[in-house]
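Got the viewer open? Let's take a walk through this model, one selection at a time.

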Amino acid sequence: MLDTVRPYCVSAGIPFKFLRSARIHAIRNGKYADRAASGKLITIYPVGETQLKQVLDDLAEQLSGVAGAHIPGEVRFGEGPLYVRFGGFVERVVTDHNGVAVPALERPDGVLVPEEGRRIPDWATVPKFLKPYVDPPEPDARVPYRR
């Protein structure tokens, strides 16, 4: 996966980061690891919806058939190993009702609010091309269940 994504991002000038070794990847995905980082190998930082769509379309094609870990709480794009996270890039914190500092997001009005378990904030605008993945269609009740 890294052999595909790294040259793509470098040639397109898109910032990205990745775990530097198989050992670190195993530790970050172990039984007692922080679930916030679970499943992640590479993180890409496209600028804006247009570049995000281009990156997803290009890499979905290039990584077709490549298996990847499930990333809890993030939006899976297609059938491959690509996920989208709605969140902040700048670390911000607020104090919760117990007096504990927790990660925060900035609403459009400038108010910092606690990040809610990786859910898409109700005030965030989901790009049209991601809507089918955020709100998948209900299963057709007329199709019988088969094992």
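Which residue in S6 does Val93 stand opposite? Select Val93 and look across to S6: the residue standing opposite is Pro103. Keep in mind as you click around that this is a predicted model.

**The open sheet**

Now widen the selection to S5, S6 and S7. These three strands form an open sheet, in the order S5-S6-S7, with antiparallel pairing. Strand S5 (93-95) and strand S7 (112-114) are the edge strands, each pairing on one side only. Neighbouring strands here are turned against each other by 55° on average, ignoring direction.

Zoom in on the S5 side. Strand S6 covers residues 101-106, and three bridges join S6 to S5, the two running antiparallel. You've already seen Val93 opposite Pro103; pick Thr95 next and you'll find Ala101 of S6 as its bridge partner. S5 and S6 make a hairpin with five residues between them. Click on Gly99 in that turn: its phi is positive, at about 80°.

Slide over to the S7 side. Three bridges join S6 to S7 as well, and this pair also runs antiparallel. Select Ala104 and its bridge partner in S7, which is Pro114. S6 and S7 form a hairpin too, with five residues between them. In this turn the residue to click is Gly110, with a positive phi of about 90°.

While the sheet is on screen, a general point is handy: in a regular strand, side chains alternate between the two faces of the sheet.

**Two helices**

Next, select helix H1 (residues 2-12) together with H3. How far apart are their axes, and at what angle do H1 and H3 pack? The axes lie 11 Å apart and the angle is about 145°. The crossing is right-handed. To see the contact, show side chains for Thr4, Val5 and Tyr8 of H1, then Gln54, Val55, Asp58, Leu59 and Gln62 of H3. Colour them by class and you get four nonpolar, three polar and one charged residues.

**A buried glutamate**

Go to Glu74, in the loop between helix H3 (48-62) and strand S3 (75-77). Is Glu74 buried or exposed? Glu74 counts as buried because its relative accessibility is 13%, and the cut-off for buried is under 20%. Show the side chain of Lys40 as well: the Glu74 side chain makes a polar contact with it, at 3.1 Å.

**Val75 and its surroundings**

Now pick Val75, which lies in strand S3. Val75 is at 9% relative accessibility, so this residue counts as buried too. What does Val75 touch, leaving out residues up to four places away in sequence? Select Leu82, Tyr83, Val84, Phe86, Ile120, Tyr133 and Val134 to see them. Then put a distance label between the C-alpha atoms of Val75 and Leu130: they are separated by 8.4 Å, with their positions 55 residues apart along the chain.

**Zooming out**

Finally, show the whole protein chain as a cartoon. There are four helices and seven strands. Trace the elements from the N terminus and you'll read α-β-α-β-α-β-β-β-β-β-α. Of the chain's 147 residues, 25% count as buried. If you bring up a contact map, take the contacts between residues at least 6 apart in sequence: 47% of them join residues at least 24 apart.

Technical notes
Residues numbered from 1 in each chain as written. Predicted model: local features only at pLDDT ≥ 70, side-chain atom pairs only at ≥ 80, totals over all residues. Heavy atoms only, no water. Pairing = 2+ DSSP bridges. Axes fitted to C-alpha atoms, helices over the stretch in contact; angles between N-to-C directions. Buried < 20%, exposed > 50% of the residue type's maximum accessible area, 1.4 Å probe, protein only. Polar contact = N/O pair within 3.5 Å; in protein donor to acceptor, adjacent residues only side chain to side chain. Left-handed = near helix turned anticlockwise from the far one by under 90°. Contact = heavy atoms within 4.5 Å. Nonpolar A, V, L, I, M, F, W, Y, C, P; charged D, E, K, R; others polar.
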